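Student: I have a protein model open and I'd like to learn how to read it. Could you take me through a few features?

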Amino acid sequence: MQGITKALRLHGRQLRHAVQQHMNKGIFSWATLIARIQSESPTVIIPHMGLENITVSEILKAKGETEAGAVYWCDASNLVHEAVKHMTAHNVGALVVLKSGDMKQLAGIVTERDFARKILLPGRPSEETRVEDIMTEEDKLITVSSSTNILRAMEVMTDKHIRHVPVFDEKVVGMISVGDVVRAIVDQQHQEVKQLKKYIRGDYY
């Protein structure tokens, strides 16, 4: 339990803030969050490694995004309507925006929040507006690498008030969300508790 305890002591405020951002409505409850995460994903997401050893790469592996073609993206010239349909089809909240479909040329990111704030609220037609008109552009974009520790990723997302971060290793290799990070942390905690229970029962000697 030392890894989890240390992480929560050092990053507890950021974790609470990240979780609160992730839960869009209703009263926050740790029990509700853990039950939701465990019901949506396998019992073991990432092998027990300790938070200090878990990187963004491990999250991508757990999501299956290390496989070819697993990165959900759109072109800057695509219509917003097309991008939203793509998000809906794959049940994701954001798309990486590429220049001419080239994974090495990151143009920005477009999210459901962009759609809500820049299309729905002002009443702009999504069938006539291009992604490049509402996306967060490259010069303002926050990215992480696959070698970034998940606690550092959580800190970045919390400090910058963002829910989705592209993973860039000389080319786009995936996308992580605050939900992915929280899920990994809770899963590690769950595994450490199981090991502690085994120790208490005498399964270890």
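Tutor: Happy to! Let's begin with a term we will need: a residue is called buried when its relative accessible area is under 20%, exposed when it is over 50%, and partly exposed in between. Keep in mind that this is a predicted model.

Student: Then how confident is the prediction, and which helix has the lowest mean pLDDT?

Tutor: pLDDT is the predictor's confidence in each residue, from 0 to 100. Here the protein chain has a mean pLDDT of 79, with 72% of its residues at 70 or more. Among the elements, helix α2 (residues 30-40) has the lowest mean, 51, while helix α5 (residues 112-120) has the highest, 95. Over residues 22-30 the pLDDT is below 50, and this stretch has ten contacts in the model beyond near neighbours in sequence.

Student: How many helices and strands are there in the protein chain?

Tutor: You will find seven helices and six strands. Following the sequence, their order is α-α-α-β-α-β-β-α-β-α-β-β-α.

Student: What share of the 205 residues is buried?

Tutor: Buried residues are 42% of the protein chain. As for its accessible surface, the chain exposes about 11800 Å², and carbon and sulfur atoms supply 50% of that.

Student: How do I read contacts along the sequence?

Tutor: Look at how far apart the partners are in the sequence. Of the contacts with a separation of 6 or more, 65% are between residues 24 or more positions apart.

Student: Now for one helix: which residues of α5 are buried?

Tutor: They are Asp114, Phe115 and Ile119. Seen down the helix axis, the buried residues of α5 fall within an arc of 95 degrees, so they line one face of the helix. The face turned away from that buried side carries the exposed residues Arg117 and Leu120. Among the elements covering the buried residues of α5 are α4, β3 (102-111) and β4 (136-137).

Student: And backbone angles? Where does Asn91 sit, and is Asn91 buried or exposed?

Tutor: For angles, check the sign of phi. Asn91 has a phi near 55 degrees, a positive value in a residue other than glycine. Asn91 lies in the loop between α4 (80-90) and β2 (94-99). With a relative accessible area of 70%, Asn91 is over the 50% cut-off, so Asn91 is exposed.

Student: What about His161, then?

Tutor: His161 also has a positive phi, near 55 degrees, and its place is the loop between α6 (150-159) and β5 (164-168). His161 is partly exposed, because its relative accessible area is 47%.

Key
Residues are numbered from 1 along each chain as its sequence is written. This is a predicted model: local features need pLDDT of at least 70, side-chain atom pairs count only at pLDDT 80 or more; totals for chains, interfaces and linings use all residues. Side-chain values use heavy atoms; hydrogens and water are left out. Helices (H or I, at least four residues) and strands (E, at least two) are DSSP runs, numbered from the N terminus. Contact means heavy atoms within 4.5 Å. Buried means under 20% relative accessible area, exposed over 50%, partly exposed in between (1.4 Å probe, protein chains only). Accessible areas come from the Shrake-Rupley method with a 1.4 Å probe; for residues, only the protein chains shown count as cover. The arc is that of the directions from the helix axis to the C-beta atoms.
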